[in-house]
Amino acid sequence: MRRSIVPRLVATLGGLALLSLPLTALAQDGGPTVDGAFATVLLDAYDGQYQEWAYEPDVPEGFYAGSPPHGMVLRTFVNDVAMADIAEGSATFSEGAVFVKENHMPTGVDRDALDAKAPVEGFEGDLAAWTFMVKVPGYAPDSGDWFWAKIAADGNVDAAGTPAGCVGCHVQVEDNDWVFDASLSTADAAVDGN
């Protein structure tokens, strides 16, 4: 990831926060929200670029067997900020660390024949959604300052901000800065997660 995009994303979130009162009112009528708007910026910013990033350590490279809530076939990427934190054994992830998980339908895959996290050979993808985690200091101190988003393949924002489902699941690995597979230096034994 180019570091220049991090200030733009943080500035966007900050600018949207200033508009939170009018946007909150719109959200009650099904309109945009601060978090939804940030998720849209996120999708635009990373459109295709994330596929040039490293695969998340401790999961197979390429497609692998997933599980709910993310999908039956996954692919997970980390940007250079997150990868540097992992390599350095940092205690927490740095500002601008990003995880992008592609959530795929198991079209043409005998998912029952695969163990969790087994590589899925020959799969070409059937994207259902992207899920993001972005470290934004000061954004959500009660959940590790992570911004979560789920964006459907058609671009609709399904969830964004600190969704209860994301936070409720990732709290299991709070000691690993809310991340399941990429271990940091302070992490206890890894929790088998999504």
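Accessible area here is the Shrake-Rupley value obtained with a 1.4 Å probe. On that basis the protein, which is a predicted model, exposes about 9300 Å². Carbon and sulfur atoms supply 53% of that exposed area. As for what is tucked away, buried residues make up 46% of the 194 residues in the protein.

The fold mixes both kinds of secondary structure, with 5 helices and 7 strands. Reading from the N terminus, the order is α-α-α-β-β-β-α-β-β-β-β-α. So the chain opens with three helices in a row and then turns to three strands. A lone helix follows, then a run of four strands, and a helix closes the series. Contacts reach well along the sequence too: of those with a separation of 6 or more, 57% are between residues 24 or more positions apart.

What about disulfides, and how many does a search of the whole structure find? The search comes back with 0. Cys166 and Cys169 show why: the sulfur of Cys166 has its closest cysteine sulfur in Cys169, at 8.3 Å, which is too far for a bond. Seen from the other side, the closest cysteine sulfur to that of Cys169 is in Cys166, again at 8.3 Å and too far for a bond. A disulfide would need the two sulfur atoms within 2.5 Å.

The two cysteines also fall into separate accessibility classes. Cys166 has 25% relative accessibility and so counts as partly exposed, while Cys169, at 18%, counts as buried. The cut-off that matters for this split is 20% relative accessible area, since buried means under that value.

Terms used. Residues are numbered from 1 along each chain as its sequence is written. This is a predicted model: local features need pLDDT of at least 70, side-chain atom pairs count only at pLDDT 80 or more; totals for chains, interfaces and linings use all residues. Side-chain values use heavy atoms; hydrogens and water are left out. Buried means under 20% relative accessible area, exposed over 50%, partly exposed in between (1.4 Å probe, protein chains only). Helices (H or I, at least four residues) and strands (E, at least two) are DSSP runs, numbered from the N terminus. Contact means heavy atoms within 4.5 Å.
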